[in-house]
Amino acid sequence: MIPKVYKEVIDLGDGRQITLETGKLAKQAHGSVVVQSGKCMLLCTVVSNYKQSDVDFLPLTVDYREKFAAAGRYPGGFFKREARPSDGEVLTMRLVDRVLRPLFPKDYHSETQVMIQLMSHDDEVMPDAMAGLAASAAIQLSDFPFECAISEARVGRVDGKFIINPTRAQLEESDIDMMIGASADSVMMVEGEMDEISEEEMTEAIKFAHEAIKIQCAAQERLAEAFGKKEVREYEPERNDEDLAKKIYDMAYDKVYAVAKQGSSKKERGLAFSEIKEEIIATFSEEELEDFGGLVSKYYGKAEKAAVRDLTLNEGLRLDGRKTTDIRPIWCEVDYLPSTHGSSIFTRGETQALATVTLGTSREANQIDMPSYEGEETFYLHYNFPPFCTGEARPIRGTSRREVGHGNLAQRALKGMIPEDCPYTVRVVSEVLESNGSSSMATVCSGTMALMDAGVQMKKPVSGIAMGLISDSDSGKYAVLSDILGDEDHLGDMDFKVTGTADGITACQMDIKVKGLSYEILVNALKQARDGRLHILEKLTDTIAEPNTDVKSHAPKMVTKTIPGDYIGALIGPGGKVIQELQKETGTTIVINEDPVTEEGIVEILGTNQEGIDAVLAKIDSITFKPVVNSVYEVKVIKMLDFGAVVEYIEAPGNEVLLHVSELAWERTENVSDVVNMGDVFDVKYFGIDSRTRKEKVSRKALLPRPPRPEGDKPRGDRKPRPERREK
């Protein structure tokens with residue numbers, strides 16, 4: 001039986017469309033949708049167990065995978081099968097998860113899985129921009145308890161004009177690359193990179209994307225209506241006891257408020273809050289605690305959150321005693337690690353990041369091999385968040401999604417300030433050693449200093465700051481918090497990270513937890529973030545004002561040289577013999593790449609010894625040496641023959657040419673040794689290829705004064721012509 005298919009079309013402008021389709025594929029899933037734009041097709045399925053899990057959180061998994069078959073390709077590696085997700089896929093998962101998770105009910109704890117798969121690829125369509133739309137559309141077709149439709153859109157700007165879901169080619173020319181997630185009435189997530197734009201420009205980009213998202217949300221609702229909107233499933237809600245909640249609130253609020261007002265360290269207030277909680281728990285019998293389950297801890301947490309928020313809104317004070325605009329004390333240091341190519345420490349309050357820089361050739365570039373994109377990164381940043389940085393002990397099971405996301409944010413913040421002509425592949429690694437507040441922004445700051453310490457000629461230094469927001473819709477009060485603590489991240493209504501130079505924003509990441517946040521508050525928050533960012537930037541430049549003029553003595557020096565493509569083979573040699581011996585003799589690393597456009601050879605020479613680098617350059621000059629007709633060159637006799645001397649060009653050792661006996665001197669030369677000897681150095685003139693011998697011709701005599709003719713020797717023009725031969 002042919003299935004009934006339901007479709008909705010979204011017009012993106014410029015002749016581009018997105019189609020939502022359901023009813024054909026994966027009908028046993030609780031919700032299934034195919035999202036298509038051009039030849040790009042995403043299949044999204046959602047399933048949620050009907051039985052509540054025995055946990056106090058939503059066990060939601062968002063999975064995004066790109067199938068190599070979608071692009072007509074095979075997976076790389078030995079096993080021809082898709083394996084663990086790439087960093088690009090993980091970043092897309094995070095973008096979708098951050099928008100979906102807050103819209104499920106707080107007491108919904110059923111295991112839920114959202115699977116998004118790239119089934120067909122189009123070079124002109126970036127699939128990650130449609131992943132959020134696909135996830136929400138599938139959920140709208142299900143019976144999940146979910147607040148409202150959402151969508152995500154990428155916004156770029158080319159020649160001052162905003163574009164929704166630009167192509168990769170357009171993105172190369174764009175000064176903005178932002179992903180915005182929103183419902184029809186509220187922006188919920190922003191992440192991206194920019195080319196030093198202003199706060200007002202960033203806000204305009206968000207507004208532009210939100211208008212497109214409203215259209216996409218309406219299309220989802222129409223599709224669900226046509227398909228037959230399902231009744232929301234019933235589930236067992238969490239137990240609540242309003243009387244108990246009020247009792248604990250009354251017992252805890254004033255005490256927590258008093259402790260919070262003291263302005264103490266993380267450890268001190270943690271102990272104080274724990275004592276208050278233990279005192280409250282002690283007032284209940286074991287039978288009552290067993291009967292209440294986890295309600296006592298839950299309601300205490302709510303009372304603590306309310307007290308801390310009210311302290312900030314009412315008195316402008318924060319947990320550590322700061323005012324809303326204050327930045328924690330900062331100290332920095334560069335060149336801390338003696339053997340790295342560059343290093344720095346950035347400490348802000350109880351957050352510390354140690355960054356290192358390693359310089360290499362194009363061989364060390366980070367290769368990206370995804371069905372939707374193939375390429376390489378010559379600048380990349382890795383972020384590590386070990387458990388000891390928060391005083392915890394837990395197993396380390398590979399790189400977490402959080403580490404991938406935070407590292408990518410810091411990489412985006414810095415990469416625009418790496419000069420285009422930087423000859424190195426640059427790897428930055430941030431080791432977070434302490435964390436109470438944004439370690440990703442500490443990574444940006446330590447990364448900036450480590451790059452400058454390594455001698456990377458950054459265009460401008462970059463700093464970053466994490467901001468928070470506490471608001472009360474009833475009273476209209478709100479407070480924007482600069483340089484938030486970990487606790488403030490948890491209890492606030494918005495946390496956003498902003499990085500930039502003194503001239504504008506380079507990257508951002510926002511998660512907005514309240515509905516209908518006004519753009520006026522957003523702009524004010526961004527401007528306060530700018531003030532904090534500039535304060536931190538001043539601390540960085542006080543430590544290291546500008547990049548070191550050269551790399552460290554133990555760091556490799558990089559020289560890049562372009563050679564004609566015809567000489568690539570000669571430099572490599574048969575079986576790589578020439579280049580391997582040259583690397584061994586000079587202690588350098590030599591990498592040769594061919595420019596696909598000009599077909600020239602790009603030779604990278606990396607070494608710590610300048611003499612070795614110079615020796616490689618000399619060898620390259622020798623191999624690629626091509627004398628110019630009618631030019632004069634200095635040569636040295638390296639071999640004596642009966643009919644001439646073999647000479648070597650001084651400026652290109654190894655390049656030899658025969659100086660014929662007839663070109664030694666104007667006088668007739670019987671013996672070559674009468675004119676030159678082994679080791680003699682003199683000038684010759686190069687005449688190119690001799691038409692008679694088909695060999696290169698050089699001459700010594702051409703540079704010597706011509707001797708006068710003997711008396712009585714008539715010039716050729718004065719001689720009588722020879723009589724013509726008679727024909728027989």
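## Exercises on a predicted model

Arg694 sits in the loop that runs between β28 (681-689) and β29 (696-699). The model used in these exercises is predicted.

**Exercise 1. Find what sets the backbone of Arg694 and of Asp159 apart, and state whether each residue is buried or exposed.**

Step 1. Start from the general rule: most residues other than glycine have a negative phi.

Step 2. Read phi for Arg694: the angle is near 65 degrees, a positive value in a residue other than glycine.

Step 3. Apply the cut-off for exposure, which is over 50% relative accessible area. Arg694 has 65% relative accessibility and therefore counts as exposed.

Step 4. Repeat for Asp159, which lies in the loop between β7 and β8. Phi of Asp159 is near 55 degrees, again positive in a residue other than glycine. With a relative accessibility of 80%, Asp159 counts as exposed.

**Exercise 2. Give the strand order of the eight-stranded open sheet and identify the strands at its edges.**

Step 1. Write the order: β8-β7-β9-β10-β21-β20-β18-β19, with antiparallel pairing.

Step 2. Look for strands with a single partner. These are β8 (161-164) and β19 (478-482), so each has one side without a neighbour in the sheet.

Step 3. Add the twist: on average, neighbouring strands of this sheet are turned by 20 degrees against each other, direction ignored.

**Exercise 3. Describe the surroundings of strand β21, from its partners to its burial.**

Step 1. Take the pairing with β10. Strand β10 (residues 187-197) and strand β21 (residues 504-512) are joined by six bridges in the antiparallel sense. Two bridge pairs can be named: Gly192 with Cys508 of β21, and Met189 with Asp511 of β21.

Step 2. Take the pairing with β20. Strand β20 (residues 494-501) pairs with β21 over eight bridges, also in the antiparallel sense, and Phe496 has Met510 of β21 as its bridge partner. The two strands β20 and β21 form a hairpin with two residues between them.

Step 3. Add the helix that covers this part of the sheet. Helix α1 (residues 87-100) lies across β7 (150-158), β9 (176-183), β10 and β21, and its direction is at about 135 degrees to β10.

Step 4. Place the other helix on the sheet: α8 touches β18 (463-471) and β19, and makes about 95 degrees with the direction of β18.

Step 5. Conclude on burial. Nine of the nine residues of β21 are buried, so the strand is largely enclosed by the rest of the structure.

**Exercise 4. Characterise the packing of α6 against α8.**

Step 1. State the geometry. Helix α6 (residues 266-282) and helix α8 (residues 295-315) pack at about 135 degrees, and their axes are 11 Å apart.

Step 2. Classify the angle. It makes α6 oblique to α8.

Step 3. Give the handedness: the crossing of α6 and α8 is right-handed.

Step 4. List the residues in contact. From α6 they are Phe273, Ile276, Lys277, Ile280 and Ile281, and from α8 they are Val296, Ser297, Tyr300 and Glu304.

Step 5. Sort by class. The contact of α6 with α8 has six nonpolar, one polar and two charged residues.

**Exercise 5. Decide whether Glu21 is buried or exposed, and list its contacts beyond four places in sequence.**

Step 1. Locate the residue: Glu21 is in strand β2 (residues 16-22).

Step 2. Compare with the cut-off for burial, which is under 20% relative accessible area. Glu21 has 14%, so it is buried.

Step 3. Leave aside neighbours within four places in sequence. Glu21 is then in contact with Val5, Tyr6, Lys7, Ser32, Val33 and Val34.

Terms used:
Residues are numbered from 1 along each chain as its sequence is written. This is a predicted model: local features need pLDDT of at least 70, side-chain atom pairs count only at pLDDT 80 or more; totals for chains, interfaces and linings use all residues. Side-chain values use heavy atoms; hydrogens and water are left out. Axes are lines fitted to C-alpha atoms, for helices over the stretch in contact, and angles run from 0 to 180 degrees between N-to-C directions. Helices (H or I, at least four residues) and strands (E, at least two) are DSSP runs, numbered from the N terminus. Angles under 35 degrees count as roughly parallel, over 145 as roughly antiparallel, 65 to 115 as roughly perpendicular and the rest as oblique. A crossing is left-handed if the near helix is turned anticlockwise from the far one by less than a right angle, and right-handed if clockwise. Contact means heavy atoms within 4.5 Å. Ala, Val, Leu, Ile, Met, Phe, Trp, Tyr, Cys and Pro count as nonpolar, Asp, Glu, Lys and Arg as charged, and the others, Gly among them, as polar. Two strands pair if DSSP finds at least two bridges between them. Buried means under 20% relative accessible area, exposed over 50%, partly exposed in between (1.4 Å probe, protein chains only).
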